[in-house]
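Hello, and thanks for passing this one along. Here are some notes to read beside the coordinates, set out point by point.

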Amino acid sequence: MQDLTNEINTARKQLNECLVFYKNTGRQLAEAEMKYRIALRKEFLRLHLEDGVAWTACSELARGQEEVAQLRFRRDVKKSDYECCYEKILQLKTELRILENEIEAERKGL
């Protein structure tokens, strides 16, 4: 039973760490999204107003511009980190429920 209690404590600690990471990564994701959208808008307008590119072509060309593409990549990496952390949180919650059920079963003598 002591081993199960230790496992629960470890899982709870990991869960708390994941929640902090999740919160911070969510904020970093929001910031990366903001930077990407601003750069995309600026490049979109620059292409049309300065280079005379048709509005319909600006979208694809703007996304291919190196700085914009790099910002999108950074946003996508943060999004991946955010989603992976969420999955880890779900996994830890499941693990905690299993461990709690095992402790309950031991208490009942099953």
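1. Let me begin with a tryptophan: in which helix does W55 lie? The answer is α2, the helix that covers residues 55-64. Please keep in mind throughout that this is a predicted model. W55 counts as partly exposed because its relative accessibility is 42%, in between the limits of 20% for buried and 50% for exposed. Together with L45 and L49, W55 makes a nonpolar surface patch of about 310 Å².

2. Now to the inside. Nonpolar side chains tend to be buried together in soluble globular proteins. The largest nonpolar core here has 11 residues: L4, I8, A11, L15, C18, C85, I89, L92, L96, L99 and I103. Two elements, α1 and α3, each give two or more residues to this core, and α3 supplies the largest share, with 6 residues. Another core lies apart from it and has 9 residues, among them A39, C58, V68 and L71.

3. L92 is a good residue to click on if you want to look at the packing of the larger core. Leaving aside residues up to four places away in sequence, L92 touches A11, Q14, L15 and C18. Of these contacts, A11, L15 and C18 are listed in the largest core, as is L92.

4. How many aromatic pairs does the structure hold? There are 3. In one of them, Y22 and Y82 are stacked, with 4.4 Å from centre to centre and 10 degrees between the planes. Y22 belongs to helix α1 (residues 2-49) and Y82 to helix α3 (residues 66-108), so this pair ties together parts that are 60 residues apart in sequence. Y82 is partly exposed, at 25% relative accessibility. Y22 and Y82 also join Y86 in one aromatic cluster.

5. On the charged side, the count comes to 7 salt bridges. One of them pairs E100 with R12, whose closest N and O atoms are 3.4 Å apart. Why does this pair tie together parts that are 88 residues apart in sequence? Because E100 lies in helix α3 while R12 lies in helix α1. Both partners count as partly exposed: E100 has a relative accessibility of 36%, and R12 has 42%.

6. A second bridge worth a look is the one between E33 and R75, with 3.1 Å between the closest N and O atoms. This pair also links distant parts of the chain, with E33 in helix α1 and R75 in helix α3, 42 residues apart. Is R75 buried or exposed? R75 is buried, at a relative accessible area of 13%. The bridge is part of a network of salt bridges that links E33, R37, R75 and D76.

7. Beside this network, take a look at R74, which lies in helix α3. The C-alpha atoms of R74 and E33 are separated by 8.8 Å, although the two residues are 41 residues apart along the chain. R74 is partly exposed, with a relative accessible area of 48%.

8. One last bridge to check is D51 with R46, where the closest N and O atoms are 2.9 Å apart. D51 is partly exposed, with a relative accessible area of 45%. R46 is partly exposed too, with 29%.

Technical notes. Residues numbered from 1 in each chain as written. Predicted model: local features only at pLDDT ≥ 70, side-chain atom pairs only at ≥ 80, totals over all residues. Heavy atoms only, no water. Phe/Tyr/Trp six-rings, centres within 6.5 Å; stacked < 30°, edge-to-face > 60°. Helix = DSSP H or I, 4+ residues; strand = E, 2+ residues; numbered from the N terminus. Buried < 20%, exposed > 50% of the residue type's maximum accessible area, 1.4 Å probe, protein only. Core = buried A, V, L, I, M, F, W, Y, C linked by side-chain atoms within 4.5 Å. Contact = heavy atoms within 4.5 Å. Patch = residues over 30% accessible without salt bridge, like charges linked within 9 Å, V, L, I, M, F, W, Y side chains within 5 Å. Areas by Shrake-Rupley, 256 points an atom, 1.4 Å probe, with all protein chains shown as cover. Salt bridge = Lys/Arg side-chain N within 4 Å of Asp/Glu carboxyl O.
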